[in-house]
Structure formats: C-alpha cells, structure tokens
Amino acid sequence: MKILVAVKRVADYNVKVRPKSDHSGPDLANVKMAINPFCEIAVEEAVRLKEQGIATEVVAVSLGPQAAQEQIRTALALGADRGILVQTDVALEPLGVAKCLKALCDKENPDLVLLGKQAIDGDNNQTGQMLAALTGYAQATFASQITVGEGQLEVIREVDGGLQTIAIKLPAIVTSDLRLNEPRYASLPNIMKAKKKPIDSTTPEELGVDVAPRTQLLKAELPPERKAGIKVEDVAQLVDKLKNEAKVIS
Ligand code: AMP
C-alpha cells in the first residue's frame with residue numbers, strides 16, 4: 001500500500017500570532033514555523049502502517065514556499081520515505097491545494113491519502129473533502145482509528161456526540177483527528193538519515209493547476225480583549241449581580 005501524506009507549514013502552535021500593523025494579514029516575520037499538528041498525526045499513522053508491514057511507501061507532500069522543505073524533512077525524519085514539494089509563493093486556498101494533490105494522485109496512484117482534519121492557521125477543514133470530490137476516492141474525515149482490511153479500511157470517526165464506524169473502499173482519503181495517535185519525536189539519527197532522503201520539486205504550473213486565490217483577505221484583527229473578572233463576597237452578592245447587573249436571571 002502506497003500512502004501520500006499532506007503536510008502543511010504553519011506557525012508553531014505555541015506562537016501567539018499577531019496581525020500586521022496595517023491589518024493586511026498575520027505577521028509571520030521571524031515566527032517559528034512547524035508542521036501543522038494534525039498533519040504530524042497523519043504522518044505518524046502512515047509510518048505506523050509502514051512499521052506494521054501494511055504500507056510499502058510513505059510520500060510526504062507539502063505545498064508552499066521553498067522553506068516548506070523543512071516540514072517535508074521533518075516528515076522524513078519521522079519515517080516517511082521521500083518527499084514532494086509543490087513550490088509556490090501564492091497564498092494557497094484549499095481548492096488550489098486539493099487540485100495540486102489531485103494532480104499528484106494521478107501521477108503517484110496512492111492507495112491512501114492522509115491529511116490533517118484542518119490546518120491550524122486557516123482552520124478551513126476543506127482540503128481532504130475537496131480532494132475526495134476531485135479524485136472520486138472514498139473519504140473518511142475526523143478519523144480516530146484506522147484499521148486496514150482487504151481492499152478497504154474501517155475508520156472510526158469522531159462525530160458530534162459520539163463515534164461513528166464506517167467501512168470505505170480503497171483508494172481513500174482520510175483526515176486525522178486529534179486522538180488518532182500520539183506522534184513520536186524524531187530521533188537524532190533519524191534526523192541525520194532524513195537529510196539523505198530524496199525530495200522532488202515541482203510547481204502548480206507544472207502540474208497544470210491554477211492556484212490564483214478566489215477570495216480576498218480584507219482585514220485581520222485580534223478578537224476583542226475580555227474584561228477582567230471580579231470576585232464576589234458570597235452567593236447572595238453573586239445572585240444580586242446576575243439579576244441586576246448582568247440581567248441573566250430574573
Ligand atoms: P485545511 O483544509 O486548510 O484546514 O487543511 C486540511 C489539511 O489539508 C491539512 O492538515 C493538510 O494535511 C492539507 N493541506 C492544506 N494545505 C496544505 C499545504 N499547503 N501543503 C500540504 N498540505 C496541505
């Protein structure tokens with residue numbers, strides 16, 4: 001089984017991203033970048049399938065600037081076999097990403113494409129679903145468990161208020177939820193080994209995909225700051241404030 005894993009370069013989840021002073025977008029200058037956490041979970045799942053002898057090859061794909069090579073290298077250090085960078089400086093939208101991934105699916109013929117359920121920068125939660133529509137592959141989103149069977153997968157999905165188990169035919173698109181696994185840390189020897197693994201480079205143009213944005217970012221701003229809370233002396237005062245100040249009870 002050949003697995004393609006999509007890894008996105010995003011601002012590290014520990015960084016508090018601020019808008020640029022002219023509010024034209026997030027200020028990412030000198031910000032620490034990392035693999036999107038849900039993509040890291042997708043890589044871990046692919047590597048575990050390889051370790052179990054189920055997957056034969058794991059290919060990590062990233063779309064973005066030249067620097068997105070760093071995230072591909074991280075995926076290689078975690079156990080992926082080779083990488084593909086689709087290099088562009090255009091601010092990509094999910095449809096553009098999905099079209100490029102579809103073009104790569106046509107070339108690579110993977111049995112399984114693993115993606116994160118969402119990227120923590122744009123919070124779109126769209127790319128996997130769009131890729132499934134474009135390729136016609138079966139899809140299972142928000143996966144918290146994947147079991148591989150003969151020509152099919154059984155996937156437990158995290159849905160509102162519970163879990164749903166579905167069976168889908170291969171080839172398939174699966175997007176990872178938080179509880180799918182706990183990603184490992186890359187060991188130093190594996191980081192060194194990853195430097196020798198191949199990364200191919202292409203562009204959306206070479207793949208025949210127009211990634212020009214369909215939406216325009218009008219303004220980026222922080223949410224309004226929450227007012228400081230107060231301490232009340234006793235329950236009577238709390239009830240009084242809820243009744244007469246907040247007016248949430250009568
Ligand atoms: P999104 O639909 O933007 O929330 O992203 C969902 C998933 O699609 C991510 O977790 C990645 O697996 C994949 N993806 C989105 N954008 C990119 C990108 N530029 N490069 C690689 N993978 C991406």
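Here is a walk through the ligand site and one helix pair of this predicted model. Local features need pLDDT of at least 70 and side-chain atom pairs count only at 80 or more, while totals for chains, interfaces and linings use all residues. Numbering runs from 1 along each chain as its sequence is written, and side-chain values use heavy atoms, with hydrogens and water left out.

Let's start with the ligand. It is surrounded by 17 residues, counting any with a heavy atom within 4 Å of it. The closest are Leu 63, Ala 119, Asn 125, Gln 126 and Thr 127. By class, the shell has eight nonpolar, eight polar and one charged residues (Ala, Val, Leu, Ile, Met, Phe, Trp, Tyr, Cys and Pro are nonpolar; Asp, Glu, Lys and Arg charged; the others, Gly among them, polar). Strands S4 (57-64) and S6 (112-116) each supply at least two shell residues, and S4 gives the most, with three. Strands here are DSSP runs of E, at least two residues, and helices are runs of H or I, at least four, numbered from the N terminus.

Now look at the ligand's oxygen atoms. One lies 2.7 Å from a backbone N or O atom of Asn 125, and a backbone N or O atom of Gln 126 is 2.8 Å from a ligand oxygen. With Thr 127, the side chain takes part: one of its N or O atoms is 2.7 Å from an oxygen of the ligand.

Thr 127 also falls in helix H4 (residues 127-135), whose axis comes within 8 Å of that of helix H3 (residues 94-108), crossing at roughly 45 degrees (axes are lines fitted to C-alpha atoms over the stretch in contact, with angles from 0 to 180 degrees between N-to-C directions). So H3 is oblique to H4, the class left over once under 35 degrees is roughly parallel, over 145 roughly antiparallel and 65 to 115 roughly perpendicular.

Conventions: A polar contact is a pair of N or O atoms within 3.5 Å; within protein, one must be able to donate a hydrogen and the other to accept it, and residues adjacent in sequence count only if both atoms are side-chain atoms.
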